[in-house]
Every structure is written in C-alpha cells, then in structure tokens.
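Please examine the sequence and the structure shown here, and then follow the explanation of how a ligand is held.

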Amino acid sequence: MGTKLKAYLRLLGAHHILCMNRRNARYIAPGNPRQHYRLVDEKIKTKTLAAEAGVPCPETYGVVTYYGEIKRILTRITTTYNTFVIKPNRGAAGRGVLVLERDKDGKWRKPSGVRMRAMDLHFHVTSILSGLYSLSELPDQTLIEQRIFPHVFFKDIACGGTPDVRIILFRTVPVMAMMRLPTTRSDGRANLHQGAVGLGIAIATGISSAAVCHNGHITCHPDTGANLLGLQVPDWPAALAAARRLAAHIPLNYIGVDLMLDAQHGPMMIEANARPGLNIQVANNTGLRPRLEFLQTLFARGATADQAWAELYPRIAADTL
Ligand SMILES: Nc1ncnc2c1ncn2[C@@H]1O[C@H](COP(=O)(O)OP(=O)(O)O)[C@@H](O)[C@H]1O
Ligand SMILES: [Mg+2]
C-alpha cells in the first residue's frame with residue numbers, strides 16, 4: 001500500500017469519517033425502505049409532505065407534465081412574474097435548475113447575465129420532460145416555483161443566487177449541517193458540483209467553522225473575498241425545528257433536509273434526500289461516525305429523539321465524542 005494511501009486511511013480513521021459502504025449498510029439499508037425513496041426523490045411530492053408538516057416551501061407557480069401544455073403554462077408564468085425558478089421534479093446536483101429574472105428591457109436572463117429567449121425556455125422544459133436531468137433518465141415533470149432571495153446576512157458571501165443549508169438527521173435528530181453558497185461559477189445554484197462553497201456549520205450553535213470549494217479548504221469567498229468563518233447563521237433554531245418537523249413526517253431514518261433562509265418567511269424547504277452526500281464531513285472537518293454511533297447506543301437503550309438530542313449536543317459542543 002502506498003504511503004499516501006496509508007496516510008489517507010489514517011486520516012479517515014482519526015477523524016471518524018463515515019464512508020459510503022458503512023452509510024449504506026448501517027443507516028440507509030436498514031432505515032430507509034426503498035419504497036419510500038420517491039417521497040424525497042420527487043420534489044413535488046416532498047413539497048406536499050412539507051406543507052402537511054407545517055414547513056413552508058417556495059410557492060409552486062406551475063407543474064408541466066405534457067409537452068402540449070408547455071406554451072400555455074410558460075406564457076402564464078412569464079406574464080405574471082418577474083423572476084422564477086424552473087427545475088426537474090426528479091433532478092439532483094443542480095442539473096437542469098434554471099433561475100430566471102426579467103431585466104429592465106423585459107428580457108429573461110440567468111443570474112450570470114446570459115439571455116434566455118422564449119424558445120430557450122420552451123426547449124429547456126422539453127429537455128426536462130424528456131428525462132435529460134432526471135435521476136434514472138425516465139420522463140419527468142417540470143416544477144416552476146417562486147424564487148427565494150437570500151437573507152441580507154448573505155450579502156457578501158453568496159454570488160448571484162440563494163444559499164441553502166443541508167441538515168442531516170438520524171431518527172429526527174440533527175447530526176451535522178452545511179451551508180452551500182453560490183459562486184459566480186455556479187450560476188445561481190448552491191450545489192458543490194456546480195462550484196458552490198460548502199460551509200461547515202456547528203450543529204448546536206449555527207456558527208460556521210470551516211469552508212471548502214472544489215474539495216480544498218478555504219477561508220474567504222472565492223468571488224468577494226469575504227471572511228467565511230465564525231459567522232452566525234440567522235434563524236438557526238428555526239431551521240433545526242423545521243428540519244426536525246419534516247423528518248418526523250417522512251418514513252426514512254437517515255435523511256438530508258435542504259432549506260433556504262428567507263428574510264421574511266424564515267426557513268423554507270426546497271428538497272430532501274434519502275442518500276445525502278458524505279462531503280458534508282469535509283466541509284465540517286469532522287466525521288459523522290461518532291455522532292451516529294452515540295445516537296444508536298442511546299436509541300438502543302430506549303431514549304426518545306428529544307432525550308437523544310439533549311444528550312448529543314453538549315458532547316458535540318464540548319468535543320467529547
Ligand atoms: N426556489 C428557489 N429560489 C432560489 N434559488 C433556488 C430555488 N430552488 C433552487 N434554487 C437554487 O438551485 C439550487 C439547486 O436546487 P435544488 O432544488 O436543490 O435542486 P437539486 O436537487 O438539483 O440540488 C439550490 O441550492 C438553490 O441555490
Ligand atoms: Mg439541492
């Protein structure tokens with residue numbers, strides 16, 4: 001085994017990193033029954049569940065299911081709103097998400113300034129319906145929804161788009177969080193795959209502790225140079241409460257809930273995930289394993305989610321796990 005690989009494995013062990021095999025074998029396979037995946041793989045379905053759980057979401061302006069209705073629905077939306085978001089119902093990693101705004105001349109543009117003509121919008125919806133961006137490349141529906149604007153807190157640390165916060169929960173207890181900040185490169189989307197910044201957020205306090213971009217650690221936003229560390233995310237207790245309410249309403253034990261923090265309406269759910277990525281550990285500079293294993297021990301002893309949460313937090317804060 002090469003010395004580089006050995007050093008990497010030592011690092012994984014020392015930081016108690018959760019790897020994909022362990023995540024799948026210990027948490028996803030036993031706790032996330034496959035038949036419930038569609039509750040989170042389909043954004044339209046998840047929004048219905050969020051509404052039932054009392055978690056606000058961006059307003060749905062329209063859903064396109066058939067090619068024959070594209071023109072009618074797009075005409076209604078482009079004559080009613082000045083900004084909106086088009087996305088695949090079954091998309092992932094920001095693929096096919098289009099944030100649009102009308103400029104002062106009445107033309108539609110992406111946050112990067114690229115012009116989108118009526119025929120470009122029509123073509124984009126056609127591509128979504130054909131399944132170009134959908135998880136299993138099956139035909140898909142198009143969701144058109146209200147655009148959420150970033151809270152003033154994000155003025156210097158998000159470019160051209162709205163950040164989101166991912167909270168991972170195990171049996172409704174939040175275990176780790178990451179904020180994702182759009183960059184010029186990510187064109188209105190807060191997905192790491194598109195070039196966004198991942199910001200590790202201390203789960204108990206909502207304070208940023210580390211930042212990554214393209215898997216390398218950074219301390220300042222790549223576009224604005226603003227400091228990224230030691231920032232207090234606004235409305236943090238409300239974000240945790242919203243994520244817990246949604247998790248309690250979805251029959252999946254291990255789940256990632258993505259929220260946006262709207263200045264007026266507080267946390268709003270945009271999607272949830274049954275197989276949330278593991279790079280949240282890189283953004284937080286720490287592993288998920290000790291937290292999950294501690295919770296498993298508590299649950300095995302019969303603790304409730306509230307008791308487990310009350311026991312987990314002081315340990316994370318004091319770094320004694
Ligand atoms: N309603 C919205 N308002 C503003 N930005 C949005 C909205 N929906 C999505 N976005 C931006 O696009 C990104 C990807 O959207 P998301 O719904 O999470 O799809 P995906 O499953 O592809 O990640 C979000 O992180 C956010 O930055
Ligand atoms: Mg997303």
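**The surroundings of ligand 1**

In this predicted model, the shell around ligand 1 consists of nine nonpolar, six polar and eight charged residues; Ala, Val, Leu, Ile, Met, Phe, Trp, Tyr, Cys and Pro count as nonpolar, Asp, Glu, Lys and Arg as charged, and the others, Gly among them, as polar. Residues are numbered from 1 along each chain as its sequence is written. Side-chain values use heavy atoms, with hydrogens and water left out.

Of the 23 residues around ligand 1, those that come nearest are Lys43, Lys87, Gly94, Asp164 and Glu271; a residue is near if one of its heavy atoms lies within 4 Å of the molecule. Domain 1 (3–57 + 150–318) and domain 2 (60–145) each give at least three residues to this shell, the bounds coming from an automatic or database domain assignment.

Polar contacts (pairs of N or O atoms within 3.5 Å) involve the backbone. An oxygen atom of ligand 1 is 2.6 Å from a polar backbone atom of glycine 94, while a nitrogen atom of the ligand is 2.8 Å from one of isoleucine 148.

Technical notes: Chains lettered and ligands numbered in written order. Predicted model: local features only at pLDDT ≥ 70, side-chain atom pairs only at ≥ 80, totals over all residues. Polar contact = N/O pair within 3.5 Å; in protein donor to acceptor, adjacent residues only side chain to side chain.
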